[in-house]
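Hi,

Here is the structure I promised to pass on to you. Have a look at it first, and my notes on what turned up follow below.

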Amino acid sequence: MHLALIGCSIFKNEIEFLKKRITGSVDYYWLPQRLHNKPLELRRMVQNEIDAVDESGKIYDAIVLLYGLCSKGVVGINSKKHRLVIPKVQDCISILLGSGKRYADHFRDCLLYTSDAADELDGVD
């Protein structure tokens, strides 16, 4: 299976750890975490990456997005050539935890950052 993975950069460390266990071929396209603060820009950038993959001439079995709904930042995106696989969760942290329910049960009143996300924070105390 040959996949294109377009994802939030918060997943880089986790994916790097898992790469040796991934069977098949995956091309990675990372976008900055800061886009979560600007859902319209997130949608535009994700769509631009999908369009670039479609126009690359490479044939993929699917384009996998490592994004949740993310403030509706992925609503309305599409691919003209490839099947899109989008996790059915509210946000990226839910993907890392395995479900939106697990996130709600354990982190209802706080924000959770991965080390990659924390590295990208600019001027946040």
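**Strands and sheet**

Strand 3 and strand 4 run parallel and are joined by two bridges. If you want a place to find that pairing on screen, look for Ile63, which stands opposite Leu84 in strand 4. Before going further, please keep in mind that this is a predicted model.

The pairing belongs to an open sheet of four strands, in the order 2-1-3-4, with parallel pairing. Strand 2 and strand 4 (84-85) are at the edges with a single partner strand each, so one side of each has no neighbour in the sheet. As general background, strands of a sheet pair through backbone hydrogen bonds, either parallel or antiparallel.

On the other side of the order, strand 1 and strand 2 run parallel and are joined by seven bridges. Here Leu3 is a handy marker, as it stands opposite Val26 in strand 2. How many of the seven residues of strand 1 (residues 2-8) are buried? Six of them are, so strand 1 is largely enclosed by the rest of the structure.

**An aromatic pair**

Searching the whole structure gives one aromatic pair. The ring centres of Tyr28 and Trp30 are 6.0 Å apart and the planes meet at 5 degrees, so this pair is stacked. Planes under 30 degrees apart count as stacked. Both partners are partly exposed: Tyr28 has a relative accessible area of 23%, and Trp30 comes out at 25%.

**Salt bridges**

There are three salt bridges in the structure. In general, side chains of opposite charge can pair when their charged atoms come close.

- Glu16 and Lys19 meet through their side chains at 3.3 Å, N to O. Glu16 is partly exposed at 49% relative accessibility, and Lys19 is partly exposed at 36%.
- Lys58 and Asp27 form a salt bridge at 3.6 Å, N to O. This pair links distant parts of the chain, 31 residues apart: Asp27 sits in strand 2, while Lys58 is in the loop between helix 2 (39-55) and strand 3 (62-66). Lys58 counts as partly exposed, with 40% relative accessibility.
- Arg34 and Glu41 also meet in a salt bridge, with 3.6 Å from N to O. The relative accessible area of Arg34 is 43%, which makes Arg34 partly exposed.

**A contact at the loop after helix 2**

Ser56 is another residue of the loop between helix 2 and strand 3. A polar atom of the Ser56 side chain lies 2.8 Å from the backbone oxygen of Val53. With a relative accessible area of 38%, Ser56 is partly exposed.

**A nonpolar patch**

Which residues make the nonpolar surface patch? They are Phe17, Leu18 and Ile22, and the patch covers about 250 Å². Ile22 belongs to the loop between helix 1 (12-18) and strand 2 (25-31). Ile22 has a relative accessible area of 33% and is therefore partly exposed.

If you would like somewhere to start, I would go to the stacked rings of Tyr28 and Trp30, and then to the link between Lys58 and Asp27.

Best wishes

Methods: Residues numbered from 1 in each chain as written. Predicted model: local features only at pLDDT ≥ 70, side-chain atom pairs only at ≥ 80, totals over all residues. Heavy atoms only, no water. Phe/Tyr/Trp six-rings, centres within 6.5 Å; stacked < 30°, edge-to-face > 60°. Buried < 20%, exposed > 50% of the residue type's maximum accessible area, 1.4 Å probe, protein only. Patch = residues over 30% accessible without salt bridge, like charges linked within 9 Å, V, L, I, M, F, W, Y side chains within 5 Å. Areas by Shrake-Rupley, 256 points an atom, 1.4 Å probe, with all protein chains shown as cover. Salt bridge = Lys/Arg side-chain N within 4 Å of Asp/Glu carboxyl O. Polar contact = N/O pair within 3.5 Å; in protein donor to acceptor, adjacent residues only side chain to side chain. Pairing = 2+ DSSP bridges.
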